[in-house]
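Please look through the structure shown here, beginning with a helix pair, then turning to a ligand site and finally to some details of the backbone.

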Amino acid sequence: MADLSLQGVHKRYGAVQVLHRVDLDIRDGEFLVLVGPSGCGKSTLLRCIAGLEEVSGGSLSIGGRDVTRVPPRDRDVAMVFQSYALYPHMTVRQNMAFALTLKKRPQAEIDAAVQEAARMLDLGALLDRFPKELSGGQRQRVAMGRAIVRRPQVFLFDEPLSNLDARLRAQLRVELKRLHAELGTTMIYVTHDQVEAMTLADRIAVLNGGHLQQVGSPAELYDDPANRFVAGFIGSPSMSFLEGRDPQAVVGVRPHDVELLPAASGGAAGAGTPGALPARIDVVETMGFESYVHLDLAGEALVARVEGAPPSPGPAAVRLRREYRFDRGTGARIR
Ligand SMILES: Nc1ncnc2c1ncn2[C@@H]1O[C@H](COP(=O)(O)OP(=O)(O)OP(=O)(O)O)[C@@H](O)[C@H]1O
Ligand SMILES: [Mg+2]
């Protein structure tokens, strides 16, 4: 177990700067989730931490030890990729044992480590199978098992669940959380998945175009985003942005902060309610116990999240319970 510190880490491929001065401190035992759009540098950052890529500048320490120039095998980190990359000619047991076999650890120690990882990941019955005899979810568990037996100081996960179907993802997400609680090891986890990010993370780090945007707990990022990018990236359905409501700023509204007012009988919908704004319901997406209501508010798109019976398209009125304001140029939050 160890804390991890990145100081002014940047990374260039030729003329292209992929990471810009990333400063990030990750606490011992923390589960940090790294999110951002495709191509923003998430995998590159993980690979720099693992030592698979050399940084172009800045420094990196693990457990207080400067590892900037230390080769990957001596950094004591284990990485799990999206593609499981299991050895096809080896059984589950041999795949999991591989790192320790390479290190020529005593057989009894290897057996014990594999048994323990198999117990945690519920792979005990599959130890003598080959990868081709496993489901996708089982293969991903073996890939995690291979990392666990090494007992590294830090785990790095690069979208490990993205090849799996939704149900299996949800199941493995819970297992991963349990695993983290049991091992207590520092974990850095890259994902595109909002739900994964929100449910797994102690803190989320949001990256955009190689720039770190904000680091905070899921609740902090959701309630108190530092800028328009973070506000739009975190939360599903996304925050709506209204350009025409405030001359000084772009206004952001979360779907659950949009109150749909009952259409008043014999008059304009919502008439008489303070703060009521006329709108039109265009499309209603029914999700089960709630609906996402797509509205037109003075020519701009606004999404409301409504519980109970779904409303019908047509004239309506809304009240905005909470508005966020962002600088039109920089996107910075105006408080
Ligand atoms: N070896 C390389 N040479 C040149 N450019 C590279 C190299 N590897 C990555 N890049 C570029 O660096 C940027 C960041 O790539 P990276 O793989 O880190 O993105 P990512 O955030 O992991 O994206 P995704 O979500 O699609 O996996 C991309 O624009 C990519 O094209
Ligand atoms: Mg990637």
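In this predicted model, Val 92, Asn 95, Met 96, Phe 98 and Ala 99 of helix 2 meet Val 142, Gly 145 and Arg 146 of helix 4. By class, the residues of this contact between helix 2 and helix 4 comprise five nonpolar, two polar and one charged. Helix 2 spans residues 92–102 and helix 4 residues 136–148, and the two pack with their axes 7 Å apart at an angle of about 30°; since angles under 35 degrees count as roughly parallel, helix 2 and helix 4 are therefore roughly parallel to each other. Their crossing is right-handed.

Ligand 1 is surrounded by a shell of residues that includes Tyr 13, Val 16, Val 18, Gly 36, Lys 42, Ser 43 and Thr 44. Strand 2 (16–26) and helix 1 (42–50) are the elements that give two or more residues to this shell, and the largest share, three residues, comes from helix 1. Sorted by class, the shell around ligand 1 has four nonpolar, six polar and one charged residues.

Most residues other than glycine have a negative phi, and most peptide bonds are trans. Against that background, Asp 122, in the loop between helix 3 (107–121) and helix 4, has a positive phi near 60°, and it counts as exposed because 11 C-beta neighbours lie inside 10 Å. Arg 151, in the loop between helix 4 and strand 7 (154–158), likewise has a positive phi, of about 45°, but is partly exposed, with 16 other C-beta atoms within 10 Å. Finally, a cis peptide bond with omega about 0° joins Ser 236 and Pro 237, and Pro 237 lies in the loop between helix 8 (228–233) and strand 11 (240–242).

Terms used. Residues numbered from 1 in each chain as written. Chains lettered and ligands numbered in written order. Predicted model: local features only at pLDDT ≥ 70, side-chain atom pairs only at ≥ 80, totals over all residues. Axes fitted to C-alpha atoms, helices over the stretch in contact; angles between N-to-C directions. Parallel < 35°, antiparallel > 145°, perpendicular 65-115°, else oblique. Left-handed = near helix turned anticlockwise from the far one by under 90°. Contact = placed C-beta atoms within 7 Å. Nonpolar A, V, L, I, M, F, W, Y, C, P; charged D, E, K, R; others polar. Near = placed C-beta within 6 Å. Buried ≥ 20, exposed ≤ 12 C-beta atoms within 10 Å, placed from the backbone.
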